[in-house]
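Work through the exercises below with the sequence and coordinates open. Each task is followed by a stepwise solution.

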Amino acid sequence: MLGMLWWLLVVTAGIIVQSQVPGVDFLAAGFVLALQEERWTKPLWFALAAILIQEGDGSLAFGSGLVWYGALAAMYFFGHYLFEARNFLFMILLGVCQGAMHILLSLTMASLQDWSVLPERLWLEAIVQAVVFPMEWGLLYIIYHNLPLSHARTV
Amino acid sequence: MRTGYLDTLADVTGLEVSRWVLAPGKWAADSAELLFRRYIYFIGLRQENERLSAELKETRSELAGATERAALAGRLSELMSFSPPEGWVREGARVVSHRLGPNAALETIMIDKGSRSGLAVNLPVVLPFGVVGKTLRVSPNAAVVLLVNDLNSRIPVMGQIHRTQGILAGQGPDDPMEVQYVPQGAPLDEGELLITSGLGEVFPKGLPVARVLKVETTGPTLFQNVLAGPLSEIKTAEEVLVLKKPPLPPDAPAVEEEKEARPPLEGKGKRSRPPVFDNKAGQAKPKSGPGGD
């Protein structure tokens, strides 16, 4: 129950912060943390909620969120064979990949829909995404490991 | 004793001694009493100070709330002063958020009204001073509005004075909008108000949208280079009005006449889409793009 409350809080806080920093995903760090720390059901539910939220809030056609989180999960599973999954450097690398993916995905989806987007804004958002992701993951990681639920789980 | 010397001696000595003993004691007692009274007074003062500080804090909070409510009332009053065009009704909505999430590629705002309030896709969103945009996506209790300054926004407009027509195209949030397809020689003044021409069927005719900033006739092109600026800062809008068609009563004669005049639909259950403008050509054709009016 407390675990569910924690993940609900992560999603709620992510949505609130997203409304202040447009174009940046604040749920991705929570998703990666769920992949690292929880059994497969919770990351699945988290990803489902995140995909629906991002697809609903965004203006691109359905599919971008699916590709976004799918690629993130793929990068995580591929990367954790090469790196230590809880390594901060790995998170920095994931953040950089997300920044690049933001540009690539937005340009691709926009061109598929015959839309125009501002490339300079995409670059800025990509940089913010790359910087924010490891920091947010670190913060969530520290909080998660100081929660009573994590103690109960380790005991 | 008879001479009274002893009495005098007693007066001079004993009385004086008593006076010098008692007088400082009295001063000390008075001072102590005064100190005590001051202490009590200061305690009362401190308590009163705390009470007044709390009252001041509360009053400041109330004042801030009252100021906010007054500003809200002013904005709502201004909003309600907008009278919708004939055949349209207004629906007030609050701006919940601007672009949200990594998929928000377009210049949009989110409002707190949706299909439950009768909103649908491609409805005009306005402020008293002019057009804000049009609804792009609608959920039961929220809607995403595409702003006029987005790169993909296209609105058929005309000059309020000279009635010269063109297509108002957004160039991004920080750049002035462009009025496309204004023929060379067509009259259009700098500072002239641009209003919706009503050609695209999304925006009713006559809504103010922008003001002409610059008119240039440079280059060997067929069209003038016209730039236009928004009538106010759209990003700071906190409340907007959505224009929608009122629900018609089932037995309304106008509906019957319209049904008779309308050609039969292609198939059962199919609905005709309003024509929208092609981004490039500016010609009306059915398209489900985001910005065409």
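**Exercise 1. A charged pair across two chains**

In this predicted model, R121(A) and E107(B) form a salt bridge, with 2.4 Å between their closest N and O atoms. Task: state where R121(A) and E107(B) lie, and why the pair joins two chains.

Solution.
- Step 1. Apply the distance criterion: a side-chain nitrogen of Lys or Arg must be within 4 Å of a carboxyl oxygen of Asp or Glu. The closest N and O atoms of R121(A) and E107(B) are 2.4 Å apart.
- Step 2. Place each residue. R121(A) belongs to helix 6 of chain A, while E107(B) sits in the loop between strand 1 and strand 2 of chain B, so the salt bridge joins two chains.
- Step 3. Set the pair in context: over all chains, the whole structure has 13 salt bridges.

**Exercise 2. The interface of chain B and chain A**

Task: describe the contact between chain B and chain A by residues in contact, buried area and polar pairing.

Solution.
- Step 1. Count the residues. On chain B 23 residues are in contact with 26 residues of chain A.
- Step 2. Take the area. About 2,100 Å² is buried between the two chains, and carbon and sulfur atoms give 52% of this. On the chain B side, R99(B), P102(B) and N103(B) supply 34% of the area buried against chain A, more than any other three residues.
- Step 3. Count the pairings. Between chain B and chain A there are two salt bridges. R99(B) takes part in a salt bridge with E125(A), the closest N and O atoms being 2.4 Å apart. Residue pairs in polar contact number 13, with both residues at pLDDT 80 or more.
- Step 4. Assign elements and classes. Strand 2 (108–111) and strand 4 (130–138) of chain B each give two or more residues to the side that touches chain A. That side of chain B has eleven nonpolar, eight polar and four charged residues.

**Exercise 3. The second largest pocket**

Task: which residues are closest to the centre of the second largest pocket, and which elements give two or more residues to its lining?

Solution.
- Step 1. The pocket holds about 340 Å³ of space.
- Step 2. It is lined by 18 residues, of which R121(A), R99(B), E107(B), P173(B) and K235(B) are closest to the centre.
- Step 3. Helix 1 (2–20) and helix 6 (119–145) of chain A, together with strand 1 (89–97) of chain B, give two or more residues to the lining.
- Step 4. By class, the lining has seven charged, six polar and five nonpolar residues.

Methods:
Residues are numbered from 1 along each chain as its sequence is written. Chains are lettered from A and ligands numbered from 1 in the order in which they are written. This is a predicted model: local features need pLDDT of at least 70, side-chain atom pairs count only at pLDDT 80 or more; totals for chains, interfaces and linings use all residues. Side-chain values use heavy atoms; hydrogens and water are left out. Contact means heavy atoms within 4.5 Å. Buried area is the accessible area (1.4 Å probe) that two parts lose on being put together, summed over both. A polar contact is a pair of N or O atoms within 3.5 Å; within protein, one must be able to donate a hydrogen and the other to accept it, and residues adjacent in sequence count only if both atoms are side-chain atoms. Helices (H or I, at least four residues) and strands (E, at least two) are DSSP runs, numbered from the N terminus. Ala, Val, Leu, Ile, Met, Phe, Trp, Tyr, Cys and Pro count as nonpolar, Asp, Glu, Lys and Arg as charged, and the others, Gly among them, as polar. On a 1 Å grid over the protein atoms alone, a cavity is a set of points where a 1.4 Å probe fits but cannot get out, and a pocket is an open set with protein on both sides within 12 Å along at least five of seven lines; lining residues have an atom within 4 Å of a point. Grid points are joined across faces, edges and corners, and a volume is the space filled by probe spheres set on the points.
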